[in-house]
Amino acid sequence: MTEVDPRRLIPRTDQLLAHDEVQAARQRLGDNAVRQMVREVQERARLGELPPHEVEPVVLAAVSARRTTSLRPVLNATGVVVHTNLGRAPLSDAAVEALVAAAGYVDVELDLATGTRSKRGVAARAAVLAACPAAEDALVVNNGAAALVLATTAYAAGREVVVSRGELIEIGAGFRLPDLIASTGARLREVGATNRTHVRDYADALGPDTGCILKVHPSNFRVEGFTAEATIAQLRPLADEAQVPLIADLGSGLLAPDPLLPDEPDAASALAAGADLVIASGDKLLGGPQAGLAIGRADVVQQLAKHPLARAVRADKLALAALEATLTAGPPPVVRALHASSASLRERTARLASALDAPLVEHDGRVGGGGAPGVPLHGWAVRLPASLAAPLRLGDPAVVARTHDGACLVDLRCVPEADDERVLAAVRAALDV
Ligand SMILES: *Cc1c(COP(=O)(O)O)cnc(C)c1O
């Protein structure tokens with residue numbers, strides 16, 4: 001009897017590609033990606049790793065499991081609320097719904113009643129103004145850095161931005177505000193010393209070349225000890241005298257004071273104190289999509305809006321939709337995680353700890369994202385061996401815990417309560433690896 005070469009039984013590429021589910025996957029994932037997956041499975045069969053009759057089911061399973069983005073959703077078990085490496089703020093359900101609604105054709109620049117062109121971002125602007133009534137006008141741009149670039153370009157290109165030496169910060173990944181500002185063609189006029197800057201330092205620097213006065217909230221570090229800074233209220237008269245705008249880059253995106261973060265500046269207070277323009281991020285403490293807010297005096301906001309650069313930094317329709325929803329719906333995940341009670345965190349974490357027979361330990365969460373650096377958020381964690389961190393990250397779902405003090409600490413603060421069971425299952429799976 002002659003033996004049939006089992007490789008001849010491997011389904012052919014065209015047969016596999018013609019399968020209904022594979023056809024659908026070609027639409028969803030792209031032809032190249034699907035062909036590549038088919039080839040890989042056939043190759044395993046050729047090498048004898050897979051019996052030929054399993055090629056088809058393995059291909060079907062592979063194409064249906066493959067996601068359309070290589071970005072992988074992560075359960076954030078670090079206790080860091082605005083986690084820069086995990087995409088900062090997770091969107092609220094309302095914001096996700098808005099994002100999906102805005103994905104197709106939308107009336108972002110059309111008045112459906114009259115059929116004529118309308119202003120872009122009207123609804124997002126209205127939502128910002130409703131959330132921060134101290135502002136006369138608001139412009140939403142791509143991110144906080146873009147708002148700062150736009151403001152310094154519009155007011156100080158070829159002129160000077162007067163700013164304290166104590167506020168020339170690096171905001172992360174090597175990006176420094178002074179470099180960003182200098183890239184706009186504005187000259188930095190640094191005043192004061194790293195730890196102390198006085199009102200007179202600003203006063204001495206103001207002159208015909210001044211384009212604006214800039215206050216930056218050094219959000220990711222604290223200067224302690226012998227320090228002094230000029231407040232917005234103290235700088236207000238100087239800005240009036242020099243007839244230049246007083247711009248406050250707050251970073252965090254708090255629109256109103258939060259008693260939990262007493263040292264974190266907010267837009268309402270900064271405007272009340274006399275800032276002409278406040279700049280903030282959409283995806284830090286505001287808890288929304290990546291966006292930059294420029295809010296404050298109407299004429300100053302309009303000056304930014306009409307600058308040609310505004311077009312290059314405009315917010316996309318998805319961000320506008322998500323921002324509007326974030327501001328109008330209930331508290332987004334960032335705010336809920338920030339304010340989660342220690343008692344409820346303890347209860348959830350204790351449940352996880354006992355299911356795993358692992359110790360429950362006190363663990364402080366952090367605001368993160370360069371916000372409120374000194375503020376611990378009291379909470380809890382399950383203490384696991386440090387060796388579990390990697391399998392947890394690589395598991396499904398991916399769980400990113402905090403590696404600290406020779407242990408892998410699982411903190412549920414930023415995990416939606418509905419996902420507690422998934423964390424438990426993920427840890428069990430990691431223990432089995
Ligand atoms: C985060 C931050 C920025 C940059 O905002 P992005 O939205 O990340 O572009 C600028 N200034 C301050 C003070 C910040 O904290």
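Tutor: Two strands count as a pair when DSSP finds at least two bridges between them. The model here is predicted.

Student: What makes strand 11 and strand 12 a pair?

Tutor: Strand 11 and strand 12 (residues 277–281) share four bridges, and the cut-off is at least two, so they pair. The sense is parallel. At the level of residues, isoleucine 247 has leucine 277 of strand 12 as its bridge partner.

Student: Why are strand 5 and strand 9 called edge strands?

Tutor: They belong to an open sheet of seven strands with mixed pairing, in the order 5-13-12-11-10-6-9. Strand 5 (137–141) and strand 9 (187–191) each have a single partner strand, so one side of each lacks a neighbour in the sheet. From one strand to the next, the twist averages 25°.

Student: How do you know that strand 16 pairs with strand 1 and with strand 17?

Tutor: Strand 1 (residues 74–77) and strand 16 (residues 398–404) have four bridges in the parallel sense, with leucine 75 opposite valine 399. Strand 16 and strand 17 (residues 407–410) have three bridges in the antiparallel sense, with threonine 403 opposite cysteine 408. The cut-off is at least two bridges, so both count as pairs. In the hairpin of strand 16 and strand 17, two residues lie between the strands, and aspartate 405 has a positive phi near 60°.

Student: What makes the approach of lysine 284 to the ligand a polar contact?

Tutor: A ligand oxygen lies 2.7 Å from an N or O atom in the side chain of lysine 284. The cut-off for such a pair is within 3.5 Å, so the approach qualifies. The side chain of arginine 88 has an N or O atom 2.8 Å from a ligand oxygen. For glycine 144, a polar backbone atom is 2.8 Å from an oxygen of the ligand. On its own the ligand has 380 Å² of accessible area, and the protein covers 94% of this.

Student: Why is Gly144 counted as polar in the shell around the ligand?

Tutor: Gly is placed with the polar residues by the classification, so Gly144 is counted there. The shell divides into three nonpolar, six polar and three charged residues. Its members include Arg88, Ala145, His217, Asp249 and Lys284. Helix 7 (144–156) and strand 11 (246–251) each supply at least two residues of this shell.

Student: What makes residues 7–46 a helical span?

Tutor: The span is 80% helix and 0% strand, and its end C-alpha atoms lie 6 Å apart. An unreviewed UniProt entry lists residues 7–46 as "domain: L-seryl-tRNA selenium transferase N-terminal".

Conventions
Residues numbered from 1 in each chain as written. Predicted model: local features only at pLDDT ≥ 70, side-chain atom pairs only at ≥ 80, totals over all residues. Heavy atoms only, no water. Near = heavy atom within 4 Å. Polar contact = N/O pair within 3.5 Å; in protein donor to acceptor, adjacent residues only side chain to side chain. Areas by Shrake-Rupley, 256 points an atom, 1.4 Å probe, with all protein chains shown as cover. UniProt positions renumbered as here; feature names shortened; annotations may be inferred. Axes fitted to C-alpha atoms, helices over the stretch in contact; angles between N-to-C directions.
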